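Good morning, everyone, and thank you for making the time. Please have the picture open while I talk, and stop me whenever something is unclear.

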Amino acid sequence: MAGKRQIPETLFDDLGFRMTYEAKRVLYEAQTEHQHLVLFEHSFFGKILMLDGATQVTTADEFVYHEMMTHVPILAHGNAREVLIVGGGDCGIAEEVLKHNSVKRLTQVEIDASVVEFSKEHFPEFTKPVLADKRFDLIIADGMKYVAKTDRRFDVIIVDSTDPHGPGKVLFSQKFFAACRRCMTTGAVMVTQNGVPMFQPGELTSAVVKRRKLFADSYCYIAAIPTYVGGHMAMGWATDDARMRQISVKSIAERYRKAGRFPTKYWTPEVHVAAFALPRFIAESVAKATRRRIRSPAAVREV
Ligand code: SAM
């Protein structure tokens, strides 16, 4: 190990826990206007992007998160035409969204132009097809400011953000969720990056409480992403149509067939439906959080 740079994930330092990568080669490192960015090569995970000491995307396991954050809300909706991504600088989510022929326009609002710029060079598998697609509209701006002002209306909103620190903090706030609701069409659905419940229980429950104030159904679904260490990753779910997460495997499979059965490596109609079956500790914390909305507004503290 001597001589090779050890790059730690510092996200869980407060838990006295660190995961460290042995970097084969550091490809790029900079303090951008918004955050510290490092991209490096790893012998097993391939290219790894970290922002402010947190793993964002790796070549080896990106497909899990990108497919589950995209195909679940879009196929649950069933006729998504206008989609908004907040964050998503590496364009991995955008690449999955544009596989859906129902989508007529994809708006992506990313705060840090340098993340997109360097993803053009280092993640061409995402950026090339996306930037060549006429349906794609990239806006460099703060997602909070955009959803507070835009006159566009969206069937699906995907918040592929960093964690609730630095520029990503506002994307976990009540005013952000309220502004997102303002620009959603009737029957629309919103999904969010919501942390790993085992290590970040408050990140999930406080967001569920806030969304429950605005939507009839505030819930989450799960997937296991090896480099989002800590077991299950929670993806926040908010809509006024509670039936949308109770659609049968048969119906989801039919929608997938109509969408052109594009190739996937993680998502399947069965995995889609199973992702809403939460382990008891997560189900109980979500249930408690949604109940909390009724009893004590004081519980809705800003993150
Ligand atoms: N999948 C990763 C995760 O779960 O941690 C997130 C990947 S993506 C690279 C996160 C993006 O959110 C970054 O490019 C970051 O610049 C962007 N971002 C953070 N705060 C933002 C804000 N307020 N508005 C828009 N984009 C933001």
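I will go through the strands and how they pair.

Please keep in mind from the start that what you are looking at is a predicted model. In this model, 5 strands form an open sheet, and they are arranged in the order 1-2-3-4-5 with antiparallel pairing. Which strands stand at the edges of the sheet? They are strand 1, which covers residues 5-9, and strand 5, which covers 54-58; because each has a single partner strand, one side of each is left without a neighbour in the sheet. If we ignore direction, neighbouring strands of this sheet are turned against each other by 50° on average.

Let us now walk across the sheet, beginning with strand 1. This strand is joined by 5 bridges to strand 2, made of residues 19-31, and the two run antiparallel. To find one of these places on your screen, look for I7, whose bridge partner in strand 2 is Y21.

Moving on, strand 2 is in turn joined to strand 3, residues 36-42, by 7 bridges, and here too the strands run antiparallel. Here you can look for E29, which has V38 in strand 3 as its bridge partner. How many residues does the hairpin between strand 2 and strand 3 pass through? The chain gets from strand 2 to strand 3 through 4 residues, and this connection is a hairpin.

Finally, we come to strand 4, residues 46-51, which pairs with strand 5 in the antiparallel sense over 4 bridges. Within this pairing, L51 stands opposite A54 of strand 5.

Key. Residues numbered from 1 in each chain as written. Predicted model: local features only at pLDDT ≥ 70, side-chain atom pairs only at ≥ 80, totals over all residues. Heavy atoms only, no water. Pairing = 2+ DSSP bridges. Axes fitted to C-alpha atoms, helices over the stretch in contact; angles between N-to-C directions.
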